[in-house]
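Visitor: Hi, could you walk me through this one? I'd like to start with the basics and then poke around.

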Amino acid sequence: MNKDALKIAIQMDPIADIDIQGDTSFALGLAAQARGHKLFYYEPSQLCLHNENDTCVLAPLQALTLADKQGAHFTLGQARMTDLRTLDVILMRQDPPFNMAYITASYFLDMLQPDVLVVNNPTSVRNAPEKLFPLQFKGLAPPTLITRDHTALTEFRATYKDIILKPLYGNGGAGVLRIKGGDENFNALLDMYLTSTDEPIIAQQYLPAVKDGDKRILLVEGEAVGALNRRPPAGDVRANLRAGGTAEATTLTPRDLEIVEQLAPTLRAMGIIFAGIDVIGDYLTEINITSPTCVRQFESIVGVNLAIDIWQAIEARLQKANKDSR
């Protein structure tokens with residue numbers, strides 16, 4: 001291992017179950033390995049917080065080797081309970097749901113900073129849920145209501161007629177419904193949402209531009225490095241790739257660049273090295289900092305591996321931190 005090699009752990013869902021053709025965590029690990037870094041793996045449920053001597057966060061780390069071959073894409077070493085402060089970088093890459101287990105893992109990783117660079121900053125991940133975060137930026141999100149109040153939701157629908165309902169902490173397009181004006185299922189659907197969870201739900205004005213695609217723009221240190229347009233399948237409003245959407249190459253419009261420029265200072269200040277934002281027409285609908293995706297798809301379609309850009313940014317942050325500490 002070269003003298004500049006980093007010790008990197010990937011906190012992620014079971015690696016045996018991933019589809020490497022579309023998994024960004026795999027892409028990040030593969031790129032780190034190619035740069036000569038040492039990889040380790042553990043699942044978030046394996047985190048331990050212990051205060052026997054000095055309070056520390058531990059996990060049974062397994063040395064990880066990756067290969068770009070589905071079905072034979074990884075090998076793991078023997079698990080060894082390890083103080084995570086001995087690492088240089090941890091990639092917090094488990095998928096939502098953004099629930100108490102997710103939040104608790106972020107509390108654990110908080111305790112490692114600034115000794116370990118956690119990507120993305122767990123404090124910021126916890127404080128910026130992807131569907132709430134866009135509403136902090138004036139004029140970027142479409143008309144949106146987040147509430148459990150039945151009357152407020154009914155009035156929102158009366159105002160905007162054609163709306164989208166979706167769970168606040170959902171992902172991958174799950175639970176996203178379009179309610180057109182006059183749809184008699186509205187009240188029944190509200191009842192279904194409100195009885196199935198104690199969380200607020202999102203009502204949002206339907207954006208006809210989604211028929212032309214939902215643009216995923218990938219940001220590194222607040223700068224746009226690539227974008228894909230995701231088109232929904234026929235008869236569906238969801239462009240998410242997990243929901244059957246198809247990805248295609250695209251370019252950034254002046255409005256896209258305006259949105260990115262407005263977000264960039266906040267993302268950098270929050271320690272968000274890697275983000276994925278979703279833009280439909282002229283509107284920002286999500287800022288994904290939990291487990292951004294589409295790096296593998298971008299490489300497949302455009303021929304550029306954005307995982308390299310991400311690691312260059314991570315290495316630059318570490319170099320700056322080392323220089324500042326001298």
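Guide: Sure, terms first: helices (H or I, at least four residues) and strands (E, at least two) are DSSP runs, numbered from the N terminus. This is a predicted model, where local features need pLDDT of at least 70, side-chain atom pairs count only at pLDDT 80 or more, and totals for chains, interfaces and linings use all residues. Residues are numbered from 1 along each chain as its sequence is written, and side-chain values use heavy atoms, with hydrogens and water left out.

Visitor: Okay, where is histidine 73 found?

Guide: Histidine 73 is in the loop between strand E4 (56-66) and strand E5 (74-76).

Visitor: Is histidine 73 buried or exposed?

Guide: Histidine 73 has a relative accessible area of 2%, so it is buried. Buried means under 20% relative accessible area, exposed over 50%, and partly exposed in between (1.4 Å probe, protein chains only).

Visitor: And how far apart are histidine 73 and leucine 30 in space?

Guide: They sit 9.9 Å apart, C-alpha to C-alpha, with their positions 43 residues apart in sequence.

Visitor: Switching topic: how many aromatic pairs are there?

Guide: Rings of Phe, Tyr and Trp (its six-membered ring) pair if their centres lie within 6.5 Å; planes under 30 degrees apart count as stacked, over 60 as edge-to-face and the rest as tilted. By that rule there are four aromatic pairs. One of them joins phenylalanine 98 and tyrosine 102, a tilted pair with 5.4 Å centre to centre and 40° between the planes.

Visitor: What about phenylalanine 98 and tyrosine 169?

Guide: Those two are stacked, because their planes are at 25°, with ring centres 5.6 Å apart. Phenylalanine 98 is in the loop between strand E7 (89-92) and helix H2 (100-110), and tyrosine 169 is in the loop between strand E10 (163-167) and strand E11 (177-179), so the pair ties together parts that are 71 residues apart in sequence. Ring pairs link Phe98, Tyr102 and Tyr169 into a cluster.

Visitor: Which of those are buried?

Guide: Phenylalanine 98 and tyrosine 102 are both buried. Tyrosine 169 is partly exposed, at 24% relative accessibility.

Visitor: Which charged end sits over the ring of tyrosine 206?

Guide: That's arginine 178, 3.7 Å from the ring centre. A charge sits over a ring if NZ of Lys or CZ of Arg is within 6 Å of the ring centre and within 35 degrees of the ring normal. Lysine 38 likewise lies over the face of phenylalanine 40, 5.9 Å from the ring centre.
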